[in-house]
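I sat down with this one to look up cavities, pockets, salt bridges and a few odd spots. Entries follow in the order I made them.

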Amino acid sequence: MADNTIKTGWRTPNPHRPPHHDNDGKPKGGMPNLPVIPAIRFFDNVSYIGDQFVGCFAVETSEGLVLIDSLFPGERYEKIIENGLSDLGYSGDDVKAVLVTHGHSDHYGCAGYLQKKYGSKVYMSARDEDFAKDRSQFSPFGYMEFDADGHLSDGEQFTLGDTTIEAVSTPGHTPGCLSFLIPVYDEGRKHTAALWGGTGLPRDREMLSVYRDSCKKFTSVCDERNVDVEIATHPFVDNSVERFEVVRNIFDGVANPYVIGRNACRRYEDMFLNMALKALNK
């Protein structure tokens, strides 16, 4: 007789890991130099600019662009941003604000360049501005050498033109890490996207507990806002390299692969919580 039991456990375990790390999860050393992902608009008002390691999001508003994060510092990444903006029909002059998730150089890296060259205003948490400038803590790719124009706090709403982005304080990855809730539109249909600000687990056990609590808090906020889209500044975290290819080749009538619904978003959020719980239980 045929076994009609529904089979579970079909997935091969495949935890996300930075592509420049070894099998033990340790950095191989040096700055990642992975292929550039051609700039891509994957919502009516949101585009990705970056490479296969780290990216930033250009959010279009009625008064210009908000850039969320700004890659590593240096000429390579300055050109990635400027070329990406050009491919999307914009220039650096259109970047009115840069919102920084946290004080690691692969996220605030080009913000000072955009600030100086184009007059973009830079915003982050006050705690992580101090953290990014603190030379007593190890930073393999340098320290923040410019000043933010303003600071964002928990629950604060940043508005440019017709667009309001909400900041949520989610410390753990760094002391002042921020996550963001972003209004996005898919063929005119409004959705709410969540950007978890700091993916990697901290090594300090106390900060691991903080990370765990931030995961729970952020999921609660996402439940309240009915978040149905998740995006990540590290494309290896959420299969974005593959999903962008789907977007580039999508057929009429096929759903946007980033609009996944609240239940799937919750499973994605639980991934980070479970990572923290596993590390705390070691």
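**Cavity.** Before listing a lining, I note what I mean by it: a cavity is a set of grid points where a 1.4 Å probe fits but cannot get out, and a lining residue has an atom within 4 Å of such a point. I also keep in mind that this is a predicted model.

With a floor of 30 Å³, I count one cavity. The largest cavity comes out at about 50 Å³. Which residues line the largest cavity? I wrote down Trp-196, Cys-215, Phe-218, Thr-219, Glu-230, Tyr-268, Glu-269 and Phe-272. Sorted by class, that lining holds five nonpolar residues, one polar and two charged. I then checked which helices contribute: α5 (205–225) and α7 (261–280) each give the lining at least two residues.

**Salt bridges around Arg-262.** Glu-269 from the cavity lining caught my eye, so I followed its charge partners, because side chains of opposite charge can pair when their charged atoms come close. Glu-269 makes a salt bridge with Arg-262, and the closest N and O atoms are 2.9 Å apart. Are these two buried or exposed? Both Glu-269 and Arg-262 are buried. For Arg-262 I have the figure, 13% relative accessibility, which is why it counts as buried, the cut-off being under 20%.

Arg-262 has a second partner to log, Asp-223, again with 2.9 Å between the closest N and O atoms. Arg-262 sits in helix α7 and Asp-223 in helix α5, so this pair ties together parts 39 residues apart in sequence. Asp-223 is partly exposed, at 32% relative accessible area. Putting the shared partners together, I get one network of salt bridges made of Asp-223, Arg-262, Arg-266 and Glu-269.

**Salt bridges elsewhere.** How many salt bridges does a search of the whole structure find? My search gave 17. I picked out one within a helix for my notes: the side chains of Glu-82 and Lys-79 meet at 3.7 Å, N to O. Glu-82 and Lys-79 are three residues apart in helix α1 (residues 75–87), so about one helical turn separates them. The two ends of this pair fall in separate classes of cover: Glu-82 is buried at 13% relative accessibility, while Lys-79 is partly exposed at 40%.

**Second largest pocket.** I moved on to the open spaces. The second largest pocket has a volume of about 310 Å³. Its lining has 15 residues, and those nearest its centre are Phe-42, Asp-186, Glu-187, Ile-250 and Asn-256. By class I have seven nonpolar, two polar and six charged residues in that lining.

**Nonpolar patch.** Ile-250 turned up again when I looked at the surface. Together with Val-246, Phe-251 and Val-254, Ile-250 forms a nonpolar patch with about 370 Å² of accessible area. I looked up where two of the members sit. Val-246 belongs to helix α6 (residues 240–248), and Phe-251 is in the loop between α6 and α7. As for cover, Val-246 is partly exposed at 39% relative accessibility. Phe-251 has a relative accessible area of 65%, so it counts as exposed, which takes over 50%. I also took one distance from Phe-251: Glu-224 is 27 residues away in sequence and 33 Å away in space, C-alpha to C-alpha.

**Ser-240.** Helix α6 also holds Ser-240. Ser-240 is buried, with 2% relative accessibility. What separates the C-alpha atoms of Ser-240 and Gln-52 in space? I get 8.8 Å, for two residues that are 188 apart along the chain.

**Positive phi.** Last, I went through backbone angles for residues other than glycine. Leu-71 has a phi near 65°. Leu-71 lies in the loop between β4 (64–68) and α1, and at 0% relative accessibility it counts as buried. Asn-226 is another entry here, with a positive phi of about 55°. The place of Asn-226 is the loop between α5 and β12 (229–231).

Note on methods: Residues are numbered from 1 along each chain as its sequence is written. This is a predicted model: local features need pLDDT of at least 70, side-chain atom pairs count only at pLDDT 80 or more; totals for chains, interfaces and linings use all residues. Side-chain values use heavy atoms; hydrogens and water are left out. Patches are made of residues with over 30% relative accessible area and no salt bridge: like charges are joined within 9 Å, nonpolar side chains (Val, Leu, Ile, Met, Phe, Trp, Tyr) within 5 Å. Accessible areas come from the Shrake-Rupley method with a 1.4 Å probe; for residues, only the protein chains shown count as cover. A salt bridge is a side-chain nitrogen of Lys or Arg within 4 Å of a carboxyl oxygen of Asp or Glu. Helices (H or I, at least four residues) and strands (E, at least two) are DSSP runs, numbered from the N terminus. Buried means under 20% relative accessible area, exposed over 50%, partly exposed in between (1.4 Å probe, protein chains only). On a 1 Å grid over the protein atoms alone, a cavity is a set of points where a 1.4 Å probe fits but cannot get out, and a pocket is an open set with protein on both sides within 12 Å along at least five of seven lines; lining residues have an atom within 4 Å of a point. Grid points are joined across faces, edges and corners, and a volume is the space filled by probe spheres set on the points. Ala, Val, Leu, Ile, Met, Phe, Trp, Tyr, Cys and Pro count as nonpolar, Asp, Glu, Lys and Arg as charged, and the others, Gly among them, as polar.
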